[in-house]
Amino acid sequence: MTSISTRQETSASHTSGFRSALGAVAGSNAVLVLTAFGSSIAIGLAILLFLGVDPLGALSVMFDGAFGSKRAIADTLVFMTPRLLTALAALVALRCGFFNLGAEGQLQLGAIGAILPATLLPPSLGYLLLPLSILCGALFGAIWGLIPAVLKLWRGADEIIVTLMMNFIGIYLVKHLVQGPLQPPDSDFNMSAKIPDGAALPILLSGTRLHAGVVLALVLAAAVWFVLYHTPYGVRLRAVGLSPRAARLQGMPLARLTVGAMLISGGIAGIGGAVEVLGVQYRLIDGFSSHFGFDGLAIALLGSLEPFGAVVVAIYFGAINSGTLALQSTLSIPAALAQIMASLPIIFLACAHGYRFLKGRPLWSSTR
Amino acid sequence: MKTRPYVELTGVSKSFSPGHPVLENISLAFRRGEIHAVVGENGAGKSTLLNILFGMHQPDTGGILLEGRQVIHKSPADAIANRIGMVHQHFKLVASFTVAENLRLCAPPPIRKMLRRDADIARIAESYGLPVDPSAVVSTLPLSLQQRVEILKALINKAELILFDEPTTILNPAEIGSFYAVCRQIAAQGRAVVVVTHHLEEVLANATQVSVIRRGRLIGSTPVGKRTRSDLVRDIVGRDIDLTSPIARAAGHSGQIELRMDCVDVAPTESSSGLRDASLILHAGEIVGVAGVEGNGQRELFEVLAGLRKPNSGTLEARMVHPDGRVAAGLVPEDRHHEGLVLDLPISLNLLLNRFGKPPFTRHGRLIHSEIAVAAEDLRARADVRTRSVNITPRTLSGGNQQKIVLARALNDEAPVVIAYQPTRGLDVAASQEVLTRLRHAANRGKAVVIISSNLDEIMRISDRIVVLFSGQIAGDVPASTSREVIGELMTLGARTGTDRP
């Protein structure tokens, strides 16, 4: 419900890409967003005060943990990466009018797709393993995204239910693989063997965890923006999402565009899983994703379904993640605070959008 | 001075943005027993006026007098409490509820007690002369009966003044007749009726008082008896428009055959008769008007011609087709908000929605924004779409300007065929006239044009040939000079005349 009203409200504002995204940031929307984020940090600090911790001290610990050093910034960006990718996945599907709630499952399949060539092919392939693994991850994710699209077009199956349920299949598939087929014979842990060096994403800044996947995610964000606003394919995709009947009358192939959007969406989410395996964990681990898929949906909506907005909000989510980890290690404050602070802006923005929605279009109106 | 009016507006002004008044110093009186028509162009302020009466907007200055006493309507609830009811253009009914449930839902507790049994509701409805089946689910009822439920909603709340916003756009001619019979009856019971409409014939035939609003100002409020159609038009538009004579056509039309539809069948549905053995031939340079009461296969005809629907049997051939087999045609769909426009894409892309993927607008898979902007601005200027920029969305434009965008795109298509479905629905006289003129010019320049419309007047003025749809069949294919009576008979009885196809 909240997400739907958010989308309707914002969809009116994004029209011509980067410039309008900048304009929206400068306009009243930005004030709203900043207030939402600012007040959720304030509430987080109030909770700290309640726990008996000096909030200003905690704030500085958090800020240092997120942006205070090269290492902290690298951590923030690494935490941002999978969420940005799932956000882009959600954004592409939503812009085409397809409610893809399955980024989590597509991410799990992407991780499986990445670990298979990385561990099963001979390590002697060297650096060839890396692109192979990423591509295989994208392919697995894309197939996982294709299934709900085909089910919807072929049998009219509701995409919200199908994508949501397929998340569980993905999660338990990973669980099964790391407890059985992919578990090394001499290990009791629920994880696969470590990937060879050739398959790992290179570290960009020695002494930090900053891997090349961060750059890949940012490049993909720019690519999504380019496709949406500077190619006829992007205009068709948006037209179908905004007004399927008008698009159909102009001869746009609805089924093909939906399938295409879900292949792209699933593929990007799959790359998210691959990057997490190849750049952070170096192995497939049960429960490696802490709800990245659902974070992605929230990030996409909070970022007004704009790639640029998704980058900004994903950095906030990454910063909250690394900042609260620092809080946990220095002041031993539970990391669950991160969950609270990451989700409060969603609630605030949903309220604000809902309020505006009602103000802008009163329920009783004769002119609609 | 007759009796004191039931509701009076005194010097009402309203503006939504500073410096752009929507209503300026409007003073109007609504009396018991009268059917008061409010007419004006799109965007003249008629809807705002109703919204102020019904408490959805508050006036900036001026006020509302209820039987001489000042009242303030902060919300529709206040207006309902003051015995004002409103029937909106888009009904406010719960479609999955029954008639009885809808009526109970809107009634205040003391009245709801009297509506406990369906039989009570049937009796009350009967007493107002509006019989309706209380156990029918609203979504299964035709629009005319849904409107009746809306009227009952107002009457059950003891409304003494009932406001109608565009009540007849969704009705067919017979239903329009019975709608006004109901209005007369309500007025005869001592209530006041206000009707906002574009249809001047209805005003002249049925209303007792008419008020004209032009650009937010009241031009005049007079009894209908003294008015004629042309002086109403002059008041509405501010100049004369000839609305009766046929629109100038080029001599010697009927070129090559552009489109041929043969023996097409489409299965009937609950709300429509489908198509039965329908055939149509369209020549370059002519306008074929498809007349008929809505629901006799018009929707199916449009969808088959536009390539949205495959007929169950029969063939459709055209001189020019798209690679995917659809007829190459510029389309003016019925619902401009959902089919004609993508309301959240900029006007420029909407104007070029049929060609942005081709050169020069796309080169090497990339949109050339400068070409799009130049071409869109050129189209906008030629189509006279009034907007401050082509980069904003068409959402805020008036209906007339939105339709100009749809029409400009349809006529700008290379396709030799134009298919227009209800092209003037919801438009005021001036905007309608412009739409018809542009379609006529397109035909004069050699396009083959089909106009599907339930408005017989406009069909008779613009067409070269009139095809009448009755119950999914082509009941007649007659020249435009055929008399109104003959066509009207074909529309309602489907009788085949001697000039008919074999």
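1. Let's start with a pair of helices in chain A: α6(A) and α12(A) are oblique to each other, because their angle falls outside the ranges for roughly parallel (under 35 degrees), roughly antiparallel (over 145) and roughly perpendicular (65 to 115). Helix α12 spans residues 254-281 of chain A, and the two pack at an angle of about 55° with their axes 6 Å apart. Axes here are lines fitted to C-alpha atoms over the stretch in contact, and angles run from 0 to 180 degrees between N-to-C directions.

2. Some housekeeping before we go on. This is a predicted model, in which local features need pLDDT of at least 70 and side-chain atom pairs count only at pLDDT 80 or more, while totals for chains, interfaces and linings use all residues. Residues are numbered from 1 along each chain as its sequence is written, and chains are lettered from A and ligands numbered from 1 in the order in which they are written.

3. Back to the pair. The crossing of α6(A) and α12(A) is right-handed, meaning that the near helix is turned clockwise from the far one by less than a right angle (anticlockwise would be left-handed). Among the residues that meet are Ala111(A) and Ala114(A) from α6(A), and Gly270(A) and Ala274(A) from α12(A). By class, this contact has twelve nonpolar, eight polar and one charged residues. Ala, Val, Leu, Ile, Met, Phe, Trp, Tyr, Cys and Pro count as nonpolar, Asp, Glu, Lys and Arg as charged, and the others, Gly among them, as polar.

4. How does α6(A) pack with α8(A)? Helix α6 (residues 103-120) and helix α8 (residues 159-179) of chain A pack at an angle of about 30°, with their axes 7 Å apart. That makes α6(A) roughly parallel to α8(A). The crossing is left-handed. Leu109(A) and Ile112(A) are among the α6(A) residues here, and Ile169(A) and Leu173(A) among those of α8(A).

5. Now the meeting of the chains. The contact takes 25 residues from chain A and 37 residues from chain B, where two residues are in contact if their C-beta atoms, placed from the backbone, lie within 7 Å. On the side of chain A, the elements giving two or more residues are α10 (232-242) and α11 (244-249). That side has ten nonpolar, eleven polar and four charged residues.

6. Chain B as a whole has 17 helices and 21 strands; these are DSSP runs (H or I, at least four residues, for helices; E, at least two, for strands), numbered from the N terminus. Its C-alpha trace spans about 65 × 50 × 45 Å along the principal axes. Of its 502 residues, 47% count as buried, which means that 20 or more other C-beta atoms lie within 10 Å of the residue's own (12 or fewer is exposed, in between is partly exposed).

7. Is Ala448(B) buried or exposed? Ala448(B) is buried, because 29 other C-beta atoms lie within 10 Å. This residue lies in strand β19 (residues 448-452) of chain B. Ala448(B) and Ala284(B) are 164 residues apart in sequence, yet 4.4 Å apart in space, C-alpha to C-alpha. Ala448(B) also touches Glu258(B), Leu282(B) and Pro416(B), among others.

8. Last, take a look at helix α10 (residues 298-306) of chain B. Seven of its nine residues are buried, so this helix is largely enclosed by the rest of the structure. The buried residues include Arg299(B), Glu300(B) and Phe302(B). After α10(B) comes Gly307(B), whose phi is positive, near 85°.

Notes
Lists of a residue's contacts leave out its neighbours within four places in sequence.
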